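Reader: Hey, could you walk me through the charged pairs in this one? I'm new to this, so keep it simple.
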Amino acid sequence: MKVIDIINGRKPSLSFEVFPPKTSDNFESVMNAAIKIAKLEPSFMSVTYGAGGGTSEYTTDIAEAIANTGVTPIAHLSCISSTKEQIHNLLSTLKARKIENILALRGDIPKEGLPEKMEYHYASELASEIREFGGFCIGGACYPENHPESRNSTEDIDNLKKKIECGCEFLTTQMFFDNNILYNFMYRLYRTGVNVPVVAGIMPVTNAIQIKRICSISGNTLPQRFLRLVDRYGDKPEAMKQAGIAYATEQIIDLFANGVNAVHVYSMNKPDVAAAIRNNLSEILK
Ligand code: FAD
């Protein structure tokens, strides 16, 4: 099934994410986690793409296993370090394995530098190519607090519009910890004529180290209310986990109550966290 049809449906959509292992040693445990999360019957599940693409076959294998459980998968695909030939081969593989949804990404600039001859510069070029290839529902990433490389939100939204013109049918947001940041962003999108569905990305923060790492990468704003939780429970792992799940649940309920129809949970290969959130929303999702 196409993700666009799921998120445009009448029921609220709650989806989960898994990321592939870096090495074959962890493949089985990640696959087991993905299957456990799929058994929670999310609206769909995403499988991320390792930076640089070295583990692209794991993304495809895990997405295919998710599809075999009856849950719709979306495979992430990033292009900055890839050649057109590699992308075409991957698209052929995804099509042959009946994976119908792709989140088209540029990818972060690699630490070791950019390839000498770059064949892709932006996600919009990848989206165009996937559209030309045909047969896929294409999504793209968006940043309620702006992409770290953007000078301002006007520039970021103008670039987002290019991505939509090139074939992105929906957008999934970077995580945010204050829903007002999303509501302000959605207002700016509507005002500038962006009307594709937006899937709100929510990260349940279950340990204090995770939050420091995340914020150093993405520059998220952390509200005082959230920082109090980390201060109080950061050194008590089980309490931090419970508080992080409760905080994420509250964000999701507020989003649904305010008309956001699709929420994507960055469940980070943690079936217990995904299950706790799913259970907290059991009546709300009916
Ligand atoms: P783009 O849309 O290309 O934007 C990158 C920057 O370039 C932005 O500042 C934008 O404003 C600017 N820009 C875009 N088009 C133009 C243009 N035509 N002219 C000038 N400037 C332009 N990374 C992974 O490696 N694997 C994953 O699986 C993955 N999944 C993600 C999922 C989500 C929901 C999100 C939000 C991010 C994900 N990322 C992933 C991280 C992502 O790859 C990085 O944030 C990356 O730096 C930008 O990717 P993008 O697709 O948003 O890029």
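Reader: Okay, which side chain does Arg225 meet in a salt bridge?
Author: That would be Glu250, with 3.5 Å from N to O. Keep in mind that this is a predicted model.
Reader: And where do those two sit in the chain?
Author: In distant parts of the chain, 25 residues apart. Arg225 belongs to helix α9 (residues 224-233), while Glu250 belongs to helix α10 (residues 237-257).
Reader: Why does Glu250 count as partly exposed?
Author: Because its relative accessibility is 46%, and partly exposed covers what lies between 20% and 50%.
Reader: Got it. New topic: what does Lys286 pair with?
Author: Lys286 and Glu283 form a salt bridge through their side chains, at 2.9 Å from N to O.
Reader: Are those two buried or exposed?
Author: Lys286 is exposed at 69% relative accessibility, and Glu283 is exposed too, at 55%.
Reader: What about Lys117, which residue is its salt bridge partner?
Author: Glu119, again through the side chains, with an N to O distance of 3.5 Å. Lys117 is exposed, at 66% relative accessible area. Glu119 has 23%, so this residue is partly exposed.
Reader: Which residues are linked in a network of salt bridges?
Author: Asp61, Glu64 and Arg97 are linked that way.
Reader: Last one: how many salt bridges are there by this rule?
Author: The count is 11 salt bridges. The Arg225 and Glu250 pair you started with is a salt bridge of this kind.

Notes
Residues are numbered from 1 along each chain as its sequence is written. This is a predicted model: local features need pLDDT of at least 70, side-chain atom pairs count only at pLDDT 80 or more; totals for chains, interfaces and linings use all residues. Side-chain values use heavy atoms; hydrogens and water are left out. A salt bridge is a side-chain nitrogen of Lys or Arg within 4 Å of a carboxyl oxygen of Asp or Glu. Buried means under 20% relative accessible area, exposed over 50%, partly exposed in between (1.4 Å probe, protein chains only). Helices (H or I, at least four residues) and strands (E, at least two) are DSSP runs, numbered from the N terminus.
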